[in-house]
Amino acid sequence: MDITNLILNNDVSAGSIKNFNKLSNSKKVYVETYGCQMNFSDTEIVLSVLSSKGYNETTDINDSDVILLNTCSIRENAENRIYSRLGDLIKYKKKNPELVIGILGCMAERLRNDLLTKKKIVDIIVGPDEYRKVPELIENSIEKGEKGIAVKLSRTETYDDITPLRREGITAWLSIMRGCDKFCSFCVVPYTRGRERSRNIGNIVEESKRLFDEGVRDIWLLGQNVNSYRYQEHDFADLLRSVAIAVPDMRVRYTTSHPYDLSEKLLETMAEHDNICNYIHLPIQSGSDRILKLMNRLYSVKEYMRVMLKAREMMPGIGLSTDIISCFPGETEVEHRMTLDVLKEIEYDSAYTFVYSPRENTKAFDMPDKLDDETKKRRLDEIITLQREISYKINSQLTGKVMKVLVETVSRKSEDEYMARTDCNKSVIIPRTFNAVDNSGRLTEAKVINTGELMNVRITGANSATLFGCPVSAQ
Ligand code: SAH
Ligand code: SF4
Ligand code: F3S
């Protein structure tokens with residue numbers, strides 16, 4: 001799933017920083033992360049590498065010796081955001097000429113030349129497979145004023161031996177693989193992150209256990225295409241099963257799967273284990289077989305539908321979401337309508353929708369694109385409006401129902417509320433305290449709810465993005 005920044009930023013900003021500052025080094029690092037969950041997870045790896053060299057993290061940019069931007073290249077506007085952010089950073093560099101500014105992540109690989117020649121304030125550029133070198137490059141920049149660049153992609157690097165420096169919280173990201181071999185014609189990821197490689201299954205299981213012991217109750221197994229996970233004879237379903245069994249009181253989820261290799265074995269594994277969440281994010285991208293072919297997505301709409309129907313049949317109430325790219329080069333009005341039809345037929349809980357953004361060096365870049373901006377805007381609006389209606393319909397039908405939720409974090413909108421999540425990945429806003437009723441029906445003192453609790457809530461209201469609820473014993 002693309003970077004559903006919404007969920008991610010929330011998790012990443014929650015809680016305090018653990019285990020940092022074990023060694024003393026006066027250098028303070030400020031990191032901003034853009035892009036997908038993989039990038040957020042990578043930032044935790046970079047922080048771990050830096051921490052082992054004695055660096056401290058700061059959340060105050062004014063107080064930093066090093067500013068790192070972990071960047072995303074997926075669409076043009078993601079890159080534009082970074083360019084404009086670099087413009088903002090000039091003032092910090094002017095104030096403190098010693099300041100080291102670094103670009104990490106997917107733009108590092110793609111735009112290294114551009115960044116080094118046109119963006120003079122950038123001191124170091126480090127691609128996703130070279131994060132072990134970050135401290136050395138920072139030192140060289142500080143001591144010798146050297147511009148540092150390390151953007152080689154690796155066939156083997158998985159950072160399997162590095163324990164990410166995570167924020168305290170109920171939710172943790174756990175990278176299980178890196179890279180992508182699918183080469184969808186619109187996508188930069190195979191170029192920015194390189195070939196697929198998977199982590200050792202035993203280490204992933206051990207890390208899950210350790211996370212549980214540290215208080216984590218919800219893990220997301222991460223990869224650009226988790227269905228291609230392979231370690232020796234183990235596939236992704238084997239990994240998921242092993243984790244679910246190793247930490248039976250942990251919620252286990254994953255993202256993202258590619259429809260081409262989502263196996264029935266995986267669906268069976270999900271259905272078998274209560275602690276594997278009944279939620280699948282499965283990007284369809286388009287409702288037209290012709291467009292899917294041009295995208296090199298390797299499945300037809302019919303095949304995709306079959307997987308979705310099977311998932312619903314095996315796990316009634318399962319949460320389903322998708323990604324859509326609207327206005328791929330040459331998309332006709334009829335093909336656009338086909339996408340709308342798929343949304344109507346499947347009735348996803350939610351969808352992340354993007355207008356196609358041409359990416360240099362990808363196959364689709366040279367495909368003729370005759371769509372004007374007005375058409376692009378209209379088609380995107382039609383998809384978003386339709387999906388919003390569907391999401392609202394599904395969510396409002398849940399009003400009055402009792403659902404089990406895991407209490408995750410304080411709500412971003414109010415200190416007095418928590419954001420909790422259902423097994424099918426819907427967020428539910430609940431109060432932080434409630435008046436329970438005792439056996440004789442009298443209201444007891446206010447009960448305090450804690451993060452990490454699993455509780456039943458009655459849904460009291462809904463909009464297209466969120467549910468609102470109240471603990472059942474409070475009614
Ligand atoms: N690996 C995931 C997707 C990662 S990128 C998968 O295959 O499902 C997240 C989403 O960004 C994609 O699903 C796609 O919908 C969107 N995306 C990728 N490249 C894009 C582009 N060039 N223009 C617009 N959207 C794009
Ligand atoms: Fe990109 Fe396709 Fe790989 Fe997803 S599966 S990261 S869309 S190339
Ligand atoms: Fe993720 Fe963006 Fe890179 S979506 S893999 S950070 S291009």
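A residue counts as near a ligand here if one of its heavy atoms lies within 4 Å of it. Please keep in mind that this is a predicted model. Here are my notes, ligand by ligand, with two backbone points at the end.

1. Let me start with ligand 2. By that cut-off, its surroundings are Cys180, Lys182, Phe183, Cys184, Phe186, Cys187, Val189, Pro190, Gln224, His258 and Arg297. Sorted by class, this shell has seven nonpolar, two polar and two charged residues. As for the space that ligand 2 takes, it is the largest cavity.

2. Phe183, one of the residues around ligand 2, deserves a look at its backbone. Phenylalanine 183 is not a glycine, yet its phi is positive, at about 50 degrees. For context, most residues other than glycine have a negative phi. You will find phenylalanine 183 in the loop that runs between β8 (177-178) and α7 (189-193).

3. Next comes ligand 1, which has 16 residues around it. The closest are Gln224, Pro283, Gln285, Asp323 and Ser357. Gln224 also belongs to the shell of ligand 2, so you may like to display both ligands together when you inspect this residue.

4. The polar contacts of ligand 1 are worth checking one by one. One of its nitrogen atoms is 2.7 Å from a polar backbone atom of glutamine 224, and a nitrogen atom is 2.8 Å from a polar backbone atom of serine 357. Aspartate 323 takes part through its side chain, where an N or O atom is 2.6 Å from an oxygen atom of ligand 1. Taken alone, ligand 1 exposes 540 Å², and the protein buries 95% of that.

5. Where does ligand 1 lie with respect to the domains? Its shell takes residues from both domain 2 (169-276) and domain 3 (278-397), so ligand 1 lies between them. The space it takes is the largest cavity. Two elements, β15 (319-326) and β16 (350-355), give two or more residues to this shell. By class, the shell divides into seven nonpolar, four polar and five charged residues.

6. Ligand 3 has 10 residues around it, and those that come nearest are Cys36, Cys72, Cys106, Arg193 and Gln224. Domain 1 (14-150) and domain 2 (169-276) each supply at least three residues to the shell. Five of the shell residues are nonpolar, three are polar and two are charged. The space taken by ligand 3 is the largest cavity.

7. Finally, a peptide bond to look at. Which form, cis or trans, does the bond between threonine 255 and threonine 256 take? The bond is cis, with omega at about -5 degrees. Most peptide bonds, by comparison, are trans. Threonine 256 sits in the loop between β13 (251-255) and α10 (264-272).

Notes: Residues numbered from 1 in each chain as written. Chains lettered and ligands numbered in written order. Predicted model: local features only at pLDDT ≥ 70, side-chain atom pairs only at ≥ 80, totals over all residues. Heavy atoms only, no water. 1 Å grid on protein atoms, 1.4 Å probe; cavity = no way out; pocket = protein on both sides within 12 Å on 5 of 7 lines; lining within 4 Å. Sits in = over half its atoms within 2 Å of the grid points. Nonpolar A, V, L, I, M, F, W, Y, C, P; charged D, E, K, R; others polar. Domains from an automatic or database assignment. Polar contact = N/O pair within 3.5 Å; in protein donor to acceptor, adjacent residues only side chain to side chain. Areas by Shrake-Rupley, 256 points an atom, 1.4 Å probe, with all protein chains shown as cover. Helix = DSSP H or I, 4+ residues; strand = E, 2+ residues; numbered from the N terminus.
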